[in-house]
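Hi,

Here is the structure I promised to pass on. Have a look at it first, and then read my notes underneath.

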Amino acid sequence: MAIKGCKTIAEYAFRRWMERNNFVMQYFELKVDDNEGTITDMNGETLVLVYDSEAKEVFVKE
């Protein structure tokens with residue numbers, strides 16, 4: 001489980017979101033900056049996530 005070792009609630013929420021959406025952590029890198037998380041794949045493509053602390057939900061940034 002990729003949840004151990006999270007430093008923030010936002011990072012925890014991003015990792016849970018990735019887990020629920022079947023991302024295999026060994027193939028992706030997650031960088032967290034405050035309430036934004038950037039997932040980078042092995043091709044260098046990125047997906048930006050936002051953690052809404054009021055709603056306690058993660059959204060894909062458009």
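Below is what I found, going from the whole chain to single residues.

First, a caveat: this is a predicted model, so please read everything that follows in that light.

**The whole chain**

The protein chain has one helix and four strands. Starting at the N terminus, the order is α-β-β-β-β. If you lay the C-alpha atoms along the principal axes, they fill a box of roughly 35 × 30 × 20 Å. The radius of gyration is 11 Å, which agrees with the value near 11 Å for a compact globule of 62 residues.

Buried residues account for 23% of the 62 residues. The accessible surface is about 4600 Å², and carbon and sulfur atoms hold 47% of that. As for contacts between residues at least 6 apart in sequence, 19% of them join residues at least 24 apart. On the charge side, there are 8 positive and 12 negative charges, and their mean positions lie 8 Å apart.

**The strands, pair by pair**

Let's start with β1 (residues 29-33), which pairs with β2 in the antiparallel sense through five bridges. Two residue pairs help to set the register here: L30 stands opposite I39 in β2, and E29 has T40 as its bridge partner. The two strands form a hairpin with two residues between them, and D34 in the turn shows a positive phi of about 60°.

Next along, β2 (residues 36-40) and β3 (residues 46-52) are also antiparallel, with five bridges. G37 is bridged to L49 in β3, while T40 has T46 as its partner there. That gives T40 a partner in β1, namely E29, and another in β3, namely T46. In this hairpin five residues sit between the strands, and G44 takes a positive phi near 85°.

Finally, β3 pairs with β4 (residues 57-60), again in the antiparallel sense, over four bridges. V50 finds its bridge partner in β4 at F59. Four residues separate the strands of this hairpin, and K56 has a positive phi near 55°.

So which residues should you click on if you want the positive phi values in the hairpins? Try D34 for β1 and β2, G44 for β2 and β3, and K56 for β3 and β4.

**The two faces of β2**

Which side chains of β2 are buried, and which are not? The side chains alternate along the strand: G37 and I39 point to one face and are buried, whereas E36, T38 and T40 point to the other face and are not. To tie this to the pairing, the buried I39 is the residue opposite L30, and the buried G37 is the one bridged to L49.

**The helix and what it touches**

E11 belongs to helix α1 (residues 9-20). Is this glutamate buried or exposed? With a relative accessible area of 12%, E11 is buried, because the cut-off for that is under 20%. Beyond its neighbours within four places in sequence, E11 is in contact with C6, L30 and V32. L30 is the β1 residue that stands opposite I39, so you can follow a path from the helix into the strands by going from E11 to L30 and on to I39.

A13 is in helix α1 as well, and is buried at 13% relative accessible area. Not counting residues up to four places away in sequence, A13 touches Y51 and V58. Between the C-alpha atoms of A13 and K31 there are 13 Å, with the two residues 18 apart along the chain.

**V50 in β3**

V50 is found in strand β3. Its relative accessibility is 26%, which puts V50 in the partly exposed class. What does V50 contact, once neighbours within four places in sequence are left aside? The answer is F14, N35, E36, E57, V58, F59 and K61. Of these, F59 is also the bridge partner of V50 in β4. V58 is worth a second look too, as it is in contact with V50 and is touched by A13. By contrast, V50 and F23, which are 27 residues apart along the chain, have their C-alpha atoms separated by 17 Å.

Happy to go through any of this with you.

Cheers

Notes
Residues are numbered from 1 along each chain as its sequence is written. This is a predicted model: local features need pLDDT of at least 70, side-chain atom pairs count only at pLDDT 80 or more; totals for chains, interfaces and linings use all residues. Side-chain values use heavy atoms; hydrogens and water are left out. Two strands pair if DSSP finds at least two bridges between them. The radius of gyration is taken over C-alpha atoms; the globule rule is 2.2 Å times the number of residues to the power 0.38. Buried means under 20% relative accessible area, exposed over 50%, partly exposed in between (1.4 Å probe, protein chains only). Contact means heavy atoms within 4.5 Å. Accessible areas come from the Shrake-Rupley method with a 1.4 Å probe; for residues, only the protein chains shown count as cover. Lys and Arg count as positive and Asp and Glu as negative; His and the chain ends are not counted. The place of a charge is taken as NZ of Lys, CZ of Arg, CG of Asp or CD of Glu.
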